[in-house]
Amino acid sequence: AASDVYKRQTFQKLKHEARRAEQRSDWARAIDLYQQALDTDEDMADLSLYNRIGDLYMRLGKNEAAVECYERAVERYADHGMHTSAIALCNKILRIAPGRTSVYRQLGGLHARTGLVVEGRSNILAYARHALEEGKPLDAARAVNEFAELTGDEEVRLAFAADLEAAGDASAAADQLRSVY
């Protein structure tokens, strides 16, 4: 109990120092302090700090570091059932790094969990198309199948079958169509 109190006090002190560094526009110092706060005890950490750190990396022009931070935030938000916040961060990531293929798959699953099947289908199909272009047809099929099983949405299989046929993979397209029928 005493160590929890100490951790909490340390966490709050580091957050306060980080905010002061932000006010001085000392972004690198603020990032370091926020990261130290997270390191004191990630379980009690304010999840918004991951987003905050990402925003500070953006101010420093370190987009890749920002995206990585946002991705950690997405995982944390999703783990805590905060799907809407995770969706918002995925969209933020795609504005910064539209080629981040895995985010489309995450978005599809998050939308499915929130009951937004049409949005989820759109993102899963975007992921599947990217995966096909990258020569990863099994990853694409796995994502589509997982989404269809999770949501009961067979339209995703029909659309994916059309993509497979257009890509010249009639056999895989037939497998998708068999799953539908």
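How many aromatic pairs does a search of the whole structure find? In this predicted model, such a search returns zero aromatic pairs. An aromatic ring does, however, take part in an arrangement with a charged side chain, since R59 lies over the face of W27, at 4.5 Å from the ring centre.

From these side chains we can turn to the helices and how they pack, beginning with α6 and α7. Helix α6 spans residues 101-113 and helix α7 spans residues 117-133, and their axes come within 7 Å while crossing at roughly 155°. Because angles over 145 degrees count as roughly antiparallel, α6 and α7 are therefore roughly antiparallel to each other, and their crossing is left-handed. On the α6 side the contact is made by T101, S102, Y104, R105, L107, G108 and H111, and on the α7 side by E119, G120, N123, I124, A126, Y127 and H130. Sorted by class, the residues of this contact between α6 and α7 comprise five nonpolar, seven polar and two charged.

Helix α6 also has a contact with α4, the helix formed by residues 63-79, and here the two axes come within 12 Å and cross at roughly 20°. Given that angles under 35 degrees count as roughly parallel, α4 and α6 are therefore roughly parallel to each other; the crossing of α4 and α6 is left-handed. The residues that meet are E71, V74, E75 and A78 from α4 and S102, V103, Q106 and L110 from α6, and they divide into four nonpolar, two polar and two charged. Residue S102 of α6 is thus listed in the contact with α7 and in the contact with α4.

Further along the chain, what is the relation between helix α9, residues 155-166, and helix α10, residues 170-180? Their axes come within 8 Å and cross at roughly 165°, and α9 and α10 are therefore roughly antiparallel to each other, with a crossing that is left-handed. The contact draws on R157, L158, F160, A161, L164 and E165 of α9, together with A172, A173, Q176, L177, S179 and V180 of α10. By class, the residues in the contact of α9 with α10 are eight nonpolar, two polar and two charged.

How values were computed. Residues are numbered from 1 along each chain as its sequence is written. This is a predicted model: local features need pLDDT of at least 70, side-chain atom pairs count only at pLDDT 80 or more; totals for chains, interfaces and linings use all residues. Side-chain values use heavy atoms; hydrogens and water are left out. Rings of Phe, Tyr and Trp (its six-membered ring) pair if their centres lie within 6.5 Å; planes under 30 degrees apart count as stacked, over 60 as edge-to-face and the rest as tilted. A charge sits over a ring if NZ of Lys or CZ of Arg is within 6 Å of the ring centre and within 35 degrees of the ring normal. Axes are lines fitted to C-alpha atoms, for helices over the stretch in contact, and angles run from 0 to 180 degrees between N-to-C directions. Helices (H or I, at least four residues) and strands (E, at least two) are DSSP runs, numbered from the N terminus. Angles under 35 degrees count as roughly parallel, over 145 as roughly antiparallel, 65 to 115 as roughly perpendicular and the rest as oblique. A crossing is left-handed if the near helix is turned anticlockwise from the far one by less than a right angle, and right-handed if clockwise. Contact means heavy atoms within 4.5 Å. Ala, Val, Leu, Ile, Met, Phe, Trp, Tyr, Cys and Pro count as nonpolar, Asp, Glu, Lys and Arg as charged, and the others, Gly among them, as polar.
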